[in-house]
Amino acid sequence: MIITIGCEYGSGGSQIGSRVAQLLGIEFYDRDLIDQVVDRLGIERDLVEKADNTDVSYAFETSLGTRYANLSNKVIAAQFDVIQKFAEKSDCVIIGRCSDYILRERTDVLNIFLYAPLETRIHSVMSNQNMTRKNAQKQIEISEEALSARYKYITGTHRGNRHGRHMMLDSSVLGWEKTAKYIVQLADLKFGKK
């Protein structure tokens with residue numbers, strides 16, 4: 001059982017995914033953990049972040065030589081490998097990193113996409129990151145643009161496209177805890193009780 005969760009920035013994806021994993025008693029892998037594993041593979045963390053936050057062309061200069069030519073594709077390839085290894089290893093919840101696309105040929109995957117109204121996401125970011133309203137809204141805009149460009153670059157389609165997801169949920173309708181429980185119920189129906 002693998003549950004992938006893609007999400008709009010500020011809609012609670014990581015928190016909800018963590019709770020789903022806890023309720024099911026399975027592994028949880030968020031973006032940060034995936035990036036830490038990529039870092040251990042020899043690609044520096046700041047370069048992983050830069051590859052994520054560069055425009056859609058994913059081209060940028062580096063003073064570190066030809067070893068980092070076409071770096072973003074190296075980062076992406078490393079993330080693909082890490083996600084596939086996590087999925088092979090055990091039941092898990094994987095947050096973001098195009099995991100729905102990477103694992104698209106597996107039959108043991110449930111792909112979820114979480115979204116929420118902008119106002120809800122602004123309040124979430126303000127609360128969780130101790131930001132002003134203006135800074136939270138700006139952070140959402142910057143993050144959404146980068147995440148959307150990255151997803152389009154890797155998959156050729158748009159984030160939140162319903163054709164790659166089994167369910168799309170507005171996390172503000174039930175709140176984060178009940179949304180997690182709802183996803184667990186769906187997983188129980190798809191995979192059978194653990």
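I started with Thr4 and looked up its bridge partner in strand 3, which is Ile94. The model I am reading is a predicted one. Thr4 belongs to the pairing of strand 1 with strand 3, so I noted that too: the two run parallel and are joined by four bridges.

Next I took the other pairing of strand 3. Strand 2, residues 27-29, also runs parallel to strand 3, with three bridges between them. Here Glu27 stands opposite Cys92.

Then I checked the two faces of strand 3, residues 92-95. Are they covered or open? Both are covered: Cys92 and Ile94 are buried on one side, and Val93 and Ile95 are buried on the other.

I went on to the nonpolar cores. The largest has 20 residues, and Ile3, Val20, Ile112 and Ile183 touch the most other members. Strand 1, helix 1 (13-24), strand 3, strand 4, strand 5 (167-170) and helix 8 (171-191) each give this core at least two residues. I listed the contacts of Ile3, leaving out residues up to four places away in sequence. In strand 3, Ile3 touches Cys92, Val93 and Ile94. Its other contacts are Val20, Leu24, Leu110, Ile112, Ile183 and Ala187. Another core, of 15 residues, lies apart from the largest one and includes Cys98, Ile102, Leu103 and Tyr151.

After that I looked for enclosed space. How many cavities of 30 Å³ or more does a search of the whole structure find? It finds one, and the volume of this cavity is about 140 Å³. Its lining has 15 residues, of which Gly96, Arg97, Cys98, Tyr151 and Arg159 are the closest to the centre. Cys98 and Tyr151 I had already met in the core of 15 residues. Strand 1 (2-7), helix 5 (99-102) and helix 7 (133-155) each supply at least two residues of the cavity lining. The largest share, four residues, is from strand 1. By class I noted six charged, five nonpolar and four polar residues in this lining.

My last entry is on the second largest pocket, with a volume of about 240 Å³. It is lined by 15 residues, and those closest to its centre are Asp100, Arg104, Asn111, His163 and Gly164. Helix 5, strand 4 (109-115) and helix 7 each give two or more residues to the lining of this pocket. Which classes make up the lining of the second largest pocket? I wrote down seven polar, four nonpolar and four charged residues.

Technical notes:
Residues are numbered from 1 along each chain as its sequence is written. This is a predicted model: local features need pLDDT of at least 70, side-chain atom pairs count only at pLDDT 80 or more; totals for chains, interfaces and linings use all residues. Side-chain values use heavy atoms; hydrogens and water are left out. On a 1 Å grid over the protein atoms alone, a cavity is a set of points where a 1.4 Å probe fits but cannot get out, and a pocket is an open set with protein on both sides within 12 Å along at least five of seven lines; lining residues have an atom within 4 Å of a point. Grid points are joined across faces, edges and corners, and a volume is the space filled by probe spheres set on the points. Ala, Val, Leu, Ile, Met, Phe, Trp, Tyr, Cys and Pro count as nonpolar, Asp, Glu, Lys and Arg as charged, and the others, Gly among them, as polar. Buried means under 20% relative accessible area, exposed over 50%, partly exposed in between (1.4 Å probe, protein chains only). A nonpolar core is a set of buried Ala, Val, Leu, Ile, Met, Phe, Trp, Tyr and Cys residues joined through side-chain atoms within 4.5 Å. Contact means heavy atoms within 4.5 Å.
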